[in-house]
Amino acid sequence: MARPNKVGRKPLEIDWEEFDKLCAIHCTLEEMAVFFGMSPDTIEKRVFETYGVKFTDHVKYKRGLGKISLRRAQFQAGLKGSVPMLIWLGKQILDQKEPVLELRELKEV
């Protein structure tokens, strides 16, 4: 039996490699929808069809990979001698803090 012709335009495709890159740089669902020229609902549906997980779960995982890349870049900047980055990393990772002077100590200075 011959299959009837489908009506409507051909469904838009998602380049999953590009999708994962957008996730890694923390793009929102709405931004991704604009990028791919489709509705946010369609993207959520396609993620579930392709990966069998909710959009939010897939994006959370891919954003974690983006955070790893960002952390690597921060460490590289610090190791190259970026003083602000070294100070920031020291505070974030090594729990270093700026010394807090008491009010009476400030009057003596």
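Which residues gather in a patch of negative charge on the surface? I would like to begin there, and before I answer I should say that what we are looking at is a predicted model. The residues are Glu 30, Glu 31, Asp 41 and Glu 44, and together they form a patch of negative charge on the surface. If you look for the parts of the chain that carry this patch, you will find helix 2, which covers residues 29-36, and helix 3, which covers residues 40-51, and each of these helices supplies at least two residues of the patch. Take Asp 41 as an example: this residue sits in helix 3, and it counts as exposed because its relative accessible area is 59%, where exposed means over 50%.

Let me now step back to the whole protein. Its secondary structure comes to six helices and zero strands, so that when you read along the sequence you meet the pattern α-α-α-α-α-α. The protein has 109 residues, and 22% of them count as buried. The accessible surface comes to about 9100 Å², and 58% of that surface belongs to carbon and sulfur atoms. One further value concerns how the chain meets itself: if we take the contacts between residues at least 6 apart in sequence, 45% of them join residues at least 24 apart.

From the charged patch I turn to a nonpolar one. Phe 75, Leu 79, Ile 93 and Leu 94 make a nonpolar surface patch of about 430 Å². Leu 79 belongs to helix 4, and this leucine is exposed, with a relative accessible area of 73%.

Helix 4, which runs over residues 55-79, also holds Gln 74. Is Gln 74 buried or exposed? Gln 74 counts as buried because its relative accessible area is 17%, and the cut-off for buried is under 20%. When we leave aside the neighbours within four places in sequence, the residues in contact with Gln 74 are Met 85, Trp 88 and Leu 89.

Next come the salt bridges. Side chains of opposite charge can pair when their charged atoms come close. How many salt bridges does the structure hold? It holds five, and I will go through some of them.

In one of these, the side chains of Glu 18 and Lys 21 meet, with a distance of 3.7 Å from N to O. Both residues lie in helix 1, and they are three residues apart, which is about one turn of the helix. Glu 18 counts as partly exposed, at 27% relative accessibility, and Lys 21 counts as partly exposed as well, at 44%.

In another salt bridge, the side chains of Lys 62 and Asp 20 meet at 3.4 Å, again from N to O. This pair links distant parts of the chain, since Lys 62 is in helix 4 and Asp 20 is in helix 1, with their positions 42 residues apart in the numbering. Lys 62 is buried, and Asp 20 is buried too.

A further salt bridge is formed by the side chains of Asp 95 and Lys 97, at 3.0 Å from N to O. Here Asp 95 is exposed, with a relative accessible area of 54%, and Lys 97 is also exposed, at 63% relative accessibility. Returning to helix 1 for a moment, salt bridges that share partners join Glu 17, Glu 18 and Lys 21 into one network.

Asp 95 deserves a second look, this time for its backbone. Its phi is near 60°, which is a positive value in a residue other than glycine. Where does Asp 95 lie? Its place is in the loop between helix 5, residues 83-93, and helix 6, residues 103-108.

His 26 gives us another case, with a positive phi of about 65° although this residue is not a glycine. His 26 lies in the loop between helix 1, residues 16-24, and helix 2, and this histidine is partly exposed, with a relative accessible area of 37%.

To close, I would ask you to find two surface patches in the model: the negative one, made by Glu 30, Glu 31, Asp 41 and Glu 44, and the nonpolar one, made by Phe 75, Leu 79, Ile 93 and Leu 94. After that, you might look for the buried pair of Lys 62 and Asp 20, whose side chains meet in a salt bridge.

Definitions and conventions
Residues numbered from 1 in each chain as written. Predicted model: local features only at pLDDT ≥ 70, side-chain atom pairs only at ≥ 80, totals over all residues. Heavy atoms only, no water. Patch = residues over 30% accessible without salt bridge, like charges linked within 9 Å, V, L, I, M, F, W, Y side chains within 5 Å. Areas by Shrake-Rupley, 256 points an atom, 1.4 Å probe, with all protein chains shown as cover. Salt bridge = Lys/Arg side-chain N within 4 Å of Asp/Glu carboxyl O. Lys, Arg positive; Asp, Glu negative; His and termini not counted. Charge placed at Lys NZ, Arg CZ, Asp CG, Glu CD. Helix = DSSP H or I, 4+ residues; strand = E, 2+ residues; numbered from the N terminus. Buried < 20%, exposed > 50% of the residue type's maximum accessible area, 1.4 Å probe, protein only. Contact = heavy atoms within 4.5 Å.
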